[in-house]
Structure formats: structure tokens, C-alpha cells
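Visitor: Could you take me through one part of this model up close? I would like to see how two of its chains meet, and then what lies around that meeting place.

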Amino acid sequence: MASVELRQVTKSYDGKTTVIHGIDLQISHGEMAVFVGPSGCGKSTLLRMIAGLEDISGGDVLIDGKRVNDVHPRNRDIAMVFQDYALYPHKSLYDNMAFGLRLRKTPEADIRSRVMDAARLLRIDHMLERKPSSLSGGQRQRVAIGRAIVRQPKVFLFDEPLSNLDAQLRAEMRTEIKKLHQRLGATIIYVTHDQVEAMTLADRIAVLSAGRKVQYATPQQIYNTPAAVFVAAFTGSPPMNLVPCRIEGGQALLGDAAVSLPLALVQRAAAATTHTFGIRPEAIGLGDQPGIALPARVVITEPLGAETLVTFQVGDAELVARCSAQFQHPPGSALTVRLAPEAMHLFDRASGQAL
Amino acid sequence: MAAAALQPARAPAVGVFWLFVLPFAALTAVFGVWPIVLSIQTSFTASASALKPSPTWVGFANYLAIFADPVFVASLWRTLLYTLLAVTSTIVLALLYALLLNSALVGRGRTFFKLAVFLPVVTPDIAGYVVWRWLFDQSFGALNIALAALHLPTFGGLASTSTVLQAVLVAELWHHLGFYVVIFLANLALCDKGQTEAADIDGATALQKFWHVVLPQLRPALLVNSVYALIQYLKTFTVVAVMTKGGPNDATNFLSYYAYQLFDQGRYGEATAMASVLFAIVIVLAVGLMRVQARGTGS
Amino acid sequence: MHQAARWQKILAWSVAGLVSFVCLYPYYWMLVSSFRTSKAILASPLRPWPETLSLDVLREIAMVGGTPLWRYALNSLVITGASTVLGVVVTALGAYALVRRPHFWAFRLLRAGFMVTIMYPYMLLVIPVYIVMYKLGLLGSYSGIVLFLALGPIQFFLLEQFFRTIPKSVIEAAVIDGATEVQILFSVVMPMAMPVVATASIITFLLNWAQWLPVLVVSRSPDTYTLPVALMNLNGELGVNFQGIMALSVLITIPVTLFFLIAQRRVMSGMTAGAVKG
């Protein structure tokens, strides 16, 4: 297992269009780092640069402390799992997994034991003579993962491996991959646009936007202390409520509703001229819970079974709250909601940075 | 933040691909590009000296000569007119037949009809045209015997200047139609069934469906294949060589054939000048097509 | 989908039937006539069945233009076979390289050069090719003919189109697995390409079998003529042996017809692959 370090890694095309702007990242031994962000943010490009499939225009990529910018992919000791599985269609599953080892002149006995171990781990050991075309998407993905495992690489690279699977299969495979990581203790770099995958799988998440690193932290930190509006809006389902506000006298004004802010936030608010107020749906409760009280009116309710999502009109803003399944008040009713002060966030409206 | 040193993005190494491409490049260069260059070169030399190590340059003399040659000019017009006629009939007939074969009316017979119309495409054209030549024969050609038996007027066939072009066209259609029928069938299969069903629900007749739903989707295919057919028919040669030898009275003396005759007579300069003229026409058409296609896809 | 009226179906089948009849009748006539003497054909051209089924005519055309028929047949087989194998291998390698490195300037140039070549009136290309063969000293040789027949547009487009459908990720997976480009070509790409290579081979064979002008022009003597060239000569001879011409036509047509009927789907989809707009 190895560490991966990115120092001011940059990527540009034709010396003109820059798509990755000087990213710094340190991924430790055995860590699962997830690169997450919207389409086009550069996460796949970054992964491919680590793999060696794309040239590095500037900066350095180090694997296990060694600079690998000019090292051919086959010599970087990495293995990759692709979004479309990229299996060799005319080879059996066994041969698909054995291919890389055979190229390295690994003795057949070793190949056999490695392939069988991986196959058993992924529960595909009973179908190794079959060809990829006779398999389902989930099975193919397992083979692709198996192909990577048998190589026993220093770093595993996953490029949106679950995007082509249906929702239920995705959830199953997510758990499998997490178990795999615990079992193998491998260094994994995982790219996805799905925040649920990111939150559940990662040791640390790197949130990327437009070729820049916005935040690199544990899922809890990403969730509780997002470094920017972008990160805050990205995680959580439903996502954090983000509304523009005015700061006056230690309070955030949402139209005519005044939210008293904790002292720490008030002090930091001075760093910006325009502000965005943020609070997660689960931090908004009804009258009987502690917190800053505000008058609200019910706009719509969305019962989900285990809970109900209620959209409240508070001042000039609409806030979504997670309420109990027993929530009965119809649209139009007037209630008091309570906002937990420790879960309040303030962002610079112009830059999106957290304050 | 320290400024990162930007390097220009390196193109992927070509390496071993040079090796892969070498035989292909060699063949293309030696038997494709070089002959074409040579041909254009020869068109600027005096025929008698073309094969000598240092030929005599005569500038545009050959070109002036051929355009002053009434046979050439007539041949040029004839070729263009025939090509236009052939392309139109081929595309229209192929489209109609493809529509017929595609419809539910024909159903299970489709495979057989497809094979029947495509078989002439893979048949060596020489053998096919030899047969057609005799089918058209005035005395004992099957066609005229059949027409006479049905009390219909006989067909002048290859013997009369007024009918020879039609006869040649029939033979060429026999050989080429199937190709375009199969292409259009494939394109029809790619048509969006959802649109047709929506039109059905809207109450469209078969003709309206064709005009408003199917035809627009076929437009790019029709365009590409029309140009492909144009290029193909401009080169009409074998059918003339087998069936009419350019006659009667030069009625079927198309450019390719006339040029070849000159080559046979050793008039290399003029022959290659004609070939270059034909080549120029094809290039113009092909480039024109690419322009129109590019505009169509908005690239 | 409303049911079509019966009369519409009858009309459709009649039209298709008529077209098919026109398409197929020449073969029938060719076959029947090859068994009938010229006199018999002159007497009753439309007779549906030959008077005798003897194969005597083969003796008559055993010699065409001073060269034995079997020689022509052998030439056809050898020249067509060799040019097919050479052509498909060379074109496959070339198309693969062009698809893997499409932005390389030299490859772009090569592809453009190839495009230009196929636009040139093929029949007229033999004029300068004659000169090229002369300069290379290949006139009258089998190699010359085979080399000229090796390249063709249909094979190229077919193979190029296929190579473009190979997902980039499969190649990348092989790269990461440690394969060199040569290993990728032989272990990953070629096995996938087998069906297309087969199709391209069949089509090339069918098309090259019919070639006559290049063979005629490059040859120095009838020793290297193929069957179609023999037919051209026979057709032009004075004192026309009509039955012989038909018999020879049958000999030329039967092999490719059989070939086609066996592989019809492949051939039809392969030949039209480049022209179908997806």
C-alpha cells in the first residue's frame, strides 16, 4: 500500500485551456479518498493523470514518495476500475483477470491462486469460464474489480464504477466496495458524482469544482463544516437550506424574520459585505425543541414514510425541514419553528466561502 | 500559491504505429498517390514523350486540345447528362423499392426480395453485361421476343442511337440498384418509430407520414448516397466496353471510355488530361458534399 | 396499425416479384444458354430448358486466345486470393493505426491521400499505374497485379468504422495491465476484430474476382489473365462462340454467387456499412 501526493498538479490543453488549476492533495497509506464534484469539474481527468493515461502539464504526482510524472502506467503499480468495466469481450472471466499477470510473466500457479482468491471474495468463482457478454452489469463490475485486485497494486483507482448500474445494485455494490476496502486495507482513489457514495465510502472527500480543490476533509467535516456554499449544497439529502440574508445587529435578517446568530458567527460576519445563511433541514425543529424561535407558515408537506419534509415560509425565505412522520399541519398553518444555533452557517455571498 | 510551471500538452507517442501503417502507406503512396500525380504530370506533356525519362512539357496544350475536340466536348456533356439521369433514377427507384420492401405489405418475402435485388451487385459486372447485351439483341434477344409475343413494340436496344442510353441505363440499374436499396432499408430501420406512431395518432395518411416524418430523417442519407452515386456513375466504363464499345455513333462514348481509347492509341497526354478533368469534377462534388454535411451538423 | 387491404398486398408482392424477376432472369438465361448451341439459341431464344445437358461446351472454351481455361481459373484464384489476404491485412493494420492516433499530422495526411485516391476514376487510374508498373519493372508480373488490387475503399471504411467502436477504456485497461501496443493489437483488438475481418475478406474477394481492366493493363501476356479478362476477349472475338461466352460467364458467376448466398447478411451489411448514416 502506498501514499499518493499531488503537488500543484495542473492540466492544460494546447498550452491554452487549463482544466486543472494547481491542485495539492495528500492521500495516506490505506486511505480511501473520494474525488467528488459535478460533471466537468476535472475529477476523472485528475484520476487519469494519477494513472498515467493523461499527461501532467504541470506539478508533480508522487506515488509512495516517488515522482511518477514520466513513468508509464504499467510501471506505476496501479490498477484501475472503469465506469464501463472495460472487460476484454472475447476472453473468459478467468483470462480477463489473469491477463495483466500473464503479461508480467507471473507463474501460472500464482495466477491461479490470486484469481481464485479474488473471485471467491467477489463471489464470481463459479462462473470463471464464461464470457463478459453473458453477465449482468453488476457481475461485470465485480470482474473488473477482481482484475484490479489480483494485480495487488499500490493504489486502486476507481472511475465512477457504479454510475452504469441501477439504483438498487448501486447500493449493494457500495457496501461491497466498503467491505473490500476494510478487508484489503488498500489505498483507494475513488471518483464519483454521487454524494451518497462519497459520504458512505470515503475516509476523506476531495470536493472539486471547475478544476480546483474546494475542500478535502472527512465526511463529517464536509457535512458539518463545509468550506463553501458549493460543498454545503452538494451534500445532504435534502441539501442544506441556503438563503441570502442581511446582517444587522448580530442577527441574520431573512426579510422580516430575524435570526439571532451565535457570537462566533457574528464576529466572522464582518469579513464579508454580502451574506448567505445556511442551515440543514434536520437542524430545524418545531416549537417544543430548543433553538432560536421564528414564526413560520407551512407551504407544502412531502411525506416520505419515515419522516416528512416540510417547506416553511420564514420571512422572505423558504426553508425545508425534516419533521416527524406524524406531522399533521396542513399548508397555510402558522407555526413556530426552532433553528439550532450550533448548526447555523454563514457564507460570503460573493465568493461562496464559509465564514 | 506558487505558480506551476506549465508545459505544453504532449501528443501521445506514435511509436510502433509507424510500423503498422507502413505497408498501407506504401501501397497508397505507390499505387494511389504517385499514379495520380504522374497522371496530372503527364497531362502537361506531349503524348509521344510521356514514357521517356525526360518528357516534353507542353503546358496546357493537351487541355486546350481536348476542349477543342468536338468528340470530347460531346462526350463530356453526354457523361454529365447520363450521370444525372442515372443518379436520379437510381436514388428515386431505390428509395421507392426500399419503402415497398420495408412496409408490412411485403412481410416475410423481404429477405428473398432483398437477396434478389442485391445479387446483381456482387455479380462480376462483365458477366452480367455480357448477358444483357444478348438480351437486348435485335434478332434473338429475349427482351424483343417477349415484347413481340405480347404485341408490344420492340425495343431498339443497343442498335439504335435513340434507345441505347436507355438500354445501358437498364443494365446499370440492374447492377447498382440493389446496393442503394439495401442502404435505404438500413436507414429506414433506423428511423424513429415514435415519430411515426405519433403521426398515426394525429391521423396522418401514409403519404403524409412519408413526407413529414420519414423523408426529413432520410435527408442526410439521401444526400450522401446521391453524391456517392454521382461519383460512381461518372466513372461508367465497363458497361460501355462490354455492350456498346462507345457506339452506335458515339452515342455511349462516355468520358472514361473515350479517355481509355486515347490511352490505347498512345495519346497519353490527352488521355490523362481528360482523366484529370473527370477527377476535378469528382473532387468538386466530394468537397461540396463535405461542406454541406458540415453545415448540416453545425460543426 | 391498420390491416392493409388484400389488393394492396397483392400489388406489393406483384411489384416486388416483377423486380425480382428482372433481377434474376439474366442468371437463368445465362445458365440455360450455356447448354445450348448458338444455332439452337438463334432458333428459339426463349426456350426455358436446354435441348441437352451436355458439358461439351467446356471443351470448346478450353482454350481462349491461345491460353488454357484452367490457367485463367488458376490465375483468378491466386490473384484474387493473394490480393484479398494482402489487402485485408495491410488495410486492417493501417486503419487501426489511423484510428488509434487520429490527430497525428502524418496520419491525417495519409488518410486524406487515401480519400483522394479512391475519388480518382478507378478505370483511368490504370493509365498512370501502367507507367508506375513500367518504372518499377512490375509489368506482366503477378505481384504487380496483386499489389494494385490490394487496396479498396469498402474494406477500409468497414475496418475503420469497426476500430472506432472499440471503447477507449478497453485499450486503456490493457495499457494499465501492462500490454505493449503490439500485445494490445494481437491479444485484445484482433480477436475482437475477427468477424469484421471475415466480412472484409469476403467482400474484397467478391470485388476482386470481378476485376478485369487492371489485370488486362498490367499483364504482358495472357498468361496472367484472369477469368473476366478471358471473357472480355471471348466477347470481342470474331466468329462469336455464343455458347462459350455464356458458359464462361456461368463459370465466373457461380463461385461468387455461392459465396454471397452463404454469407449474404455479412456481405450486404458490410458493403453498405460506410454509407448508412446512423
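Guide: Put chain B and chain C together and about 8400 Å² is buried between them, with carbon and sulfur atoms making up 84% of that area. On the chain B side, B:Phe20, B:Phe24 and B:Phe31 lose the most area to chain C, and together these three residues account for 9% of what that side buries. Counted by residues, the interface brings 87 residues of chain B into contact with 99 residues of chain C. Please keep in mind that this is a predicted model, so every value here is computed from predicted coordinates.

Let's zoom in on one element of chain C, helix 8, which runs over residues 153-165. At 1.5 Å a residue, its 13 residues should span 18 Å, and the end C-alpha atoms are 19 Å apart, which agrees. Which residues of helix 8 of chain C are buried? They are C:Ile154, C:Gln155, C:Phe156, C:Leu158, C:Leu159, C:Glu160, C:Phe162 and C:Phe163. The cover over these buried residues includes a piece of the partner chain, namely helix 1 (17-42) of chain B. From chain C itself, the cover includes helix 4 (69-100), helix 5 (105-119), helix 7 (142-150), helix 10 (181-209) and helix 14 (264-271).

Now step back to chain C as a whole. Chain C holds 14 helices and two strands, and its C-alpha atoms fill a box of roughly 75 × 70 × 30 Å along the principal axes. Of its 278 residues, 56% count as buried. Taking the contacts in chain C between residues at least 6 apart in sequence, 73% join residues at least 24 apart. Chain C exposes about 11900 Å², and carbon and sulfur atoms supply 69% of that. As for charges, chain C has 18 positive and 9 negative ones, whose mean positions are 9 Å apart.

Over in chain B, two places are worth a visit. The first is helix 11 (residues 255-264), which is mostly covered, with eight of its 10 residues buried. Those buried residues are B:Leu255, B:Ser256, B:Tyr257, B:Tyr258, B:Ala259, B:Tyr260, B:Leu262 and B:Phe263. After helix 11 of chain B comes B:Gly266, which has a positive phi, near 85°.

The second place is B:Leu99, in helix 3 (residues 70-102) of chain B. Is B:Leu99 buried, partly exposed or exposed? B:Leu99 counts as partly exposed because its relative accessibility is 24%, and the partly exposed class runs from 20% to 50%. Leaving aside residues up to four places away in sequence, B:Leu99 touches B:Leu188 and B:Phe210. B:Val122 is 23 residues from B:Leu99 in sequence, and their C-alpha atoms are 22 Å apart in space.

To finish, here is chain A. Chain A has nine helices and 20 strands, and its C-alpha trace spans about 75 × 45 × 30 Å along the principal axes. Of the 355 residues of chain A, 52% count as buried. Chain A exposes about 15000 Å², with 49% of it supplied by carbon and sulfur atoms. The side chains of chain A include 39 positive and 35 negative ones, and the centres of these two sets lie 6 Å apart.

Notes:
Residues numbered from 1 in each chain as written. Chains lettered and ligands numbered in written order. Predicted model: local features only at pLDDT ≥ 70, side-chain atom pairs only at ≥ 80, totals over all residues. Heavy atoms only, no water. Helix = DSSP H or I, 4+ residues; strand = E, 2+ residues; numbered from the N terminus. Buried < 20%, exposed > 50% of the residue type's maximum accessible area, 1.4 Å probe, protein only. Contact = heavy atoms within 4.5 Å. Areas by Shrake-Rupley, 256 points an atom, 1.4 Å probe, with all protein chains shown as cover. Lys, Arg positive; Asp, Glu negative; His and termini not counted. Charge placed at Lys NZ, Arg CZ, Asp CG, Glu CD. Expected span 1.5 Å × (residues − 1). Buried area = accessible area lost by both parts, 1.4 Å probe.
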